[in-house]
Amino acid sequence: MQVEKIKNFVKANNLPLFRIGQIKRAVYESGVADWDKATALPAALRAQLKKDLKILSFDVADIRSSRRDPVYKALLRLEDGAKIETVLLRPGKTWSVCVSSQAGCPLGCAFCATGKMGFKRNLTAEEIADQVLFWYQFLLKEKLGERVSNVVFMGMGEPLLNYSEVVKAVNILSNPDFLGIGQRHISISTAGVADKFAKLAQDLPQANLALSLHNADDEERGRLMPVNKKFNLAALKDALEDYMKRSGREVFLEYAVIDGVNNLPGHVRKLGKWINEFRDHYLLHVNLIACNPAVGKAVATGPEAVKKFAAALRGFNVQVSVRKSLGGDIAAACGQLACENRRKK
Ligand code: SF4
């Protein structure tokens, strides 16, 4: 729920203005999921809020937890019946939320379960920001932590195809009146919608940009990610150079290693060369992750194959990190979100 709605509610009901602060504290600090739990407010006000104001802009249909990783996945039903998924995970010491920006996705990447669903619609800024508010409520309720530290736009959908609502959502999330998550802790991951990079540097200069690269050969990348036919590697390089010049920010290149498919010596060479041709190549950082097969014939890539690829890439003077894939047992890892039907818990 956006702060504006609270202000409008208070004004529309001719309530004293101090109620705005009280209601905001109940929602964004105490993380109440139900107005009945906002016991600092008078009972009559709680009853009125219950009637007029929904805390979240969706219903939570299901929550699953991983048995092996600190990962939770929720299935959300939006007001028009569209379904999305959102993930809470703790890759290190702090909690991150992976948000969806679209219901489904029009880009149809070959390895991605969301892409196979097709595209339903763009999410509103409120529907995006509320995913984080929902997990904040969950953390407090389950006594798992006090705050969400990072937000990544790596859930369902291509954020840069829902540009204006994503920018609005980032501004809502970083608003100290909402959850106050600094833009430096928010990452936008794109499959390569290069014509939006310049605007992003201008609109959200503090947020992080991550490009899902996965291959530095145009033909092979095009087979994996059809968006490469519109924005090929040369277009991505131009747009990234411009982005880095405008923002001065580091850019992350996400690379899901698919054993035997994109980790052969020729792939390392092409990737190393592509990166080294950048004017500001020291601002590029490759994040490697073992591929999580969601669709197609790909098989899980072992950690050894990823380590080997990382070492070979470092030979090209490239900054590389190996990221742990979390939540594969509940289909919550990258590329696995697909809103499959499940029994309610
Ligand atoms: Fe869309 Fe991202 Fe999946 Fe590609 S990987 S189909 S951009 S959700």
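How many bridges join strand β2 to strand β3, and do the two run parallel or antiparallel? To find out in this predicted model, select residues 71-78, which make up strand β2, together with residues 83-89, which make up strand β3. Seven bridges join these strands, and they run antiparallel. For a single example, pick Lys73 and then look across to Val87, its bridge partner in β3.

Now widen the selection to the sheet as a whole, in which 10 strands lie in the order β1-β2-β3-β4-β7-β8-β9-β10-β11-β12. The sheet is open and its pairing is mixed. At its edges you will find β1, residues 58-65, and β12, residues 319-323, each of which pairs on one side only. As you step from one strand to the next, the twist averages 25°.

Next, select residues 265-276 to show helix α10, which packs on the sheet and touches β9 (208-212), β10 (251-257) and β11 (284-290). If you compare directions, that of helix α10 makes about 175° with that of β10.

The last stop is helix α2, residues 18-29, where you should select Lys24. Is this residue buried or exposed? Lys24 counts as buried because its relative accessibility is 16%, and the cut-off for buried is under 20%. Show the side chains of Lys24 and Asp177 as well, since a polar contact of 3.2 Å joins them. Once neighbours within four places in sequence are left aside, the residues in contact with Lys24 are Val3, Ile6, Glu29 and Asp177, so that selecting these four together with Lys24 displays its surroundings.

Methods: Residues numbered from 1 in each chain as written. Predicted model: local features only at pLDDT ≥ 70, side-chain atom pairs only at ≥ 80, totals over all residues. Heavy atoms only, no water. Pairing = 2+ DSSP bridges. Helix = DSSP H or I, 4+ residues; strand = E, 2+ residues; numbered from the N terminus. Axes fitted to C-alpha atoms, helices over the stretch in contact; angles between N-to-C directions. Contact = heavy atoms within 4.5 Å. Buried < 20%, exposed > 50% of the residue type's maximum accessible area, 1.4 Å probe, protein only. Polar contact = N/O pair within 3.5 Å; in protein donor to acceptor, adjacent residues only side chain to side chain.
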